[in-house]
Number of protein chains: 2
Amino acid sequence: MNDEHLLQLLNEHPGQYISGEEISRRMSVSRTAIWKGINRLKEKGYEFESTSRKGYRITRRPDRFDVTALQLALNQKGSWGQPLHLFESVASTQDEARILAEQQTAEGTLVIAEEQTAGRGRQGRPFYSPSGRGIWMSLVMRPVQPLQYMSQLTLLAAVAVCRALRSTTQLDIGIKWPNDLLIDGRKVCGILIESAAEDGRVRYAIAGIGIDANLTAEDLPEHLQSIVTSLRIESGQVIDRTSIVAEVISELETLYQCYTDEGFAPIAALWESMAISIGKSIQVHNAQGSFQGIAQGLGMNGELLLRLADHQVIPIYSGDIEF
Amino acid sequence: MNDEHLLQLLNEHPGQYISGEEISRRMSVSRTAIWKGINRLKEKGYEFESTSRKGYRITRRPDRFDVTALQLALNQKGSWGQPLHLFESVASTQDEARILAEQQTAEGTLVIAEEQTAGRGRQGRPFYSPSGRGIWMSLVMRPVQPLQYMSQLTLLAAVAVCRALRSTTQLDIGIKWPNDLLIDGRKVCGILIESAAEDGRVRYAIAGIGIDANLTAEDLPEHLQSIVTSLRIESGQVIDRTSIVAEVISELETLYQCYTDEGFAPIAALWESMAISIGKSIQVHNAQGSFQGIAQGLGMNGELLLRLADHQVIPIYSGDIEF
């Protein structure tokens, strides 16, 4: 069955129902075939109302980035976000950005995909990135700071994205160390900084940012429903992804400039003010083992300072935390 | 002309001359063709004595690693150096090792090539790696230390290789910051640590080590003759590359274990004792500019501390130094 033809019929009278019977007759296909076609369109981001009596009606078309509008929005805000590489579908925007970075693309290069088929989070975990529903992007940075400060960049990215999402959505978003963004305990954004270095010199860093913008509860696989949310679910409104991209990239550029000029102290202060873990009892799991303690704040290199039961304070450089 | 056939004739009476006339007659080729064949064999590492009267005599066969002997030598010294990947020719052992590292190869994996056709040093500079003349190798490490300590690994590698070369050759080898090894001002070994990280966690580090073992003065292109030397040139002896590989990898494993157990202080002390730049007036060139000062020693993260004319001490994280 031809999905394009099905879409044509559904679009003939916008906003109105077309019966399954009529589709079946005009396309010479079975009702089951129509139902399968409708499901394929749903996967592409279409939404429908359907009743057995009236048939089908499109209630929402898939959201697609307009490259011109996006470039305009980015250019108005700063110099990052160009060159812009917009893809319909990639395995992972991180991999695309890495290839560009190895080919000496400029700082500020931005890769965005409507869909990632193998999006990944920290430690190679899968990152669910369905078509048209989120903001799946990777930004190429070429930090002048030496390698030992790269953990600070991880925190800087969390601060920048959190500020951008707060200002565009007014939602109460907090940072879970080091750089997950949560609303009411559920994740709305994941950030991953991958870097490549040669001795003490950073060749490039790629900030991977996955924002669950317009996912609906129905979009989420069952195993994610209790731990993931979206800006749309939380705000009850369809999110304009273009303005969010522009705001996030602009915040990143501004904060990175501030960091380069003023050092890490202002970034650390912002991070701590947005963090949901500070002062709380947490469990840390990393390569060194599991630790229980109170999250005290950040050390001067961006490590999390954990106060153990015996009052000893240990630095945590990587790992997962649980409340 | 068949080089294998030419070799057969040259090998008929080991140590003795065979005349150009005889070769010409038995192979039915011209004297010019023989001369070209001899030159091709020279490029493969053969050396000859030749006189117009007596003809040609092989004085040295190309040195080739024996994979069994190499594995045995490595296994006797420790657990690193396996799996061992031995290549006749690759573009760069760093690239081969990186592919293996991305495929989750174990720590200690070693890639060695007789020849690199695109060997590279720091900042993408070419590294001359002719066939059979040196030790061109890359070791995959999976450091548990957080990313901010990776500069220390660069210095650790310099210490390990310097100790191994000193003990096997008795030559007076010193370290030029951060990790070039020099004899009497000329470079005998270059080291490059390339690392890949995810937030504050190091995914892998690859130690690229290029040791000019058996290059002769004639092997060196003219532009390298004043700045590069080899263990053979300096010692006057043909170097057994297999024992050097085993000793270097063993020192790396031992020092890395010491570093993991005891921290950076003993490594820093060893480094400073072998460094040729400490206490001297040097010029540093890096992304931040050019600086003139006295090299004072190492900071606690492995940075070089440079005392400027106004007595201010600044940390140098990357760059090139000149005396």
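The buried residues of helix H2 of chain A pack against helix H1 (3–11), helix H3 (31–43) and strand S2 (55–60) of that chain. Contact here means heavy atoms within 4.5 Å, and helices (H or I, at least four residues) and strands (E, at least two) are DSSP runs, numbered from the N terminus. This is a predicted model, where local features need pLDDT of at least 70 and side-chain atom pairs count only at pLDDT 80 or more, while totals for chains, interfaces and linings use all residues. Residues are numbered from 1 along each chain as its sequence is written, chains are lettered from A and ligands numbered from 1 in the order in which they are written, and side-chain values use heavy atoms, without hydrogens or water.

Back to H2(A), which spans residues 20–27: its buried members are Gly20(A), Ile23(A), Ser24(A) and Met27(A). They sit on the same side of the helix because they cover an arc of only 100° around the axis, taken from the directions from the helix axis to the C-beta atoms. Glu21(A) and Arg25(A), on the other side, are exposed. Buried stands for under 20% relative accessible area, exposed for over 50%, and partly exposed for anything in between (1.4 Å probe, protein chains only). Just past H2(A) comes Ser28(A), with a positive phi of about 55°.

Now for a helix pair. H4 (residues 67–77) and H8 (residues 241–262) of chain A pack at an angle of about 30°, their axes 9 Å apart. Axes are lines fitted to C-alpha atoms, for helices over the stretch in contact, and angles run from 0 to 180 degrees between N-to-C directions. That makes H4(A) and H8(A) roughly parallel, a label for angles under 35 degrees (over 145 is roughly antiparallel, 65 to 115 roughly perpendicular, the rest oblique). On the H4(A) side, the residues that meet H8(A) include Leu70(A) and Leu74(A); on the H8(A) side, Val245(A) and Ile249(A) are among them.

Some backbone oddities turn up in loops.

| Residue | Backbone value | Loop |
|---|---|---|
| Pro83(A) | cis from Gln82(A), omega near -5° | between H4 and S3 (84–90) of chain A |
| Pro83(B) | cis from Gln82(B), omega near -5° | between H4 (67–77) and S3 (84–90) of chain B |
| Asp199(A) | phi about 50° | between S8 (186–198) and S9 (201–211) of chain A |
| Asp184(B) | phi near 50° | between S7 (180–183) and S8 (186–198) of chain B |

As for the two aspartates, Asp199(A) is buried at 5% relative accessible area, whereas Asp184(B) is exposed at 75%.
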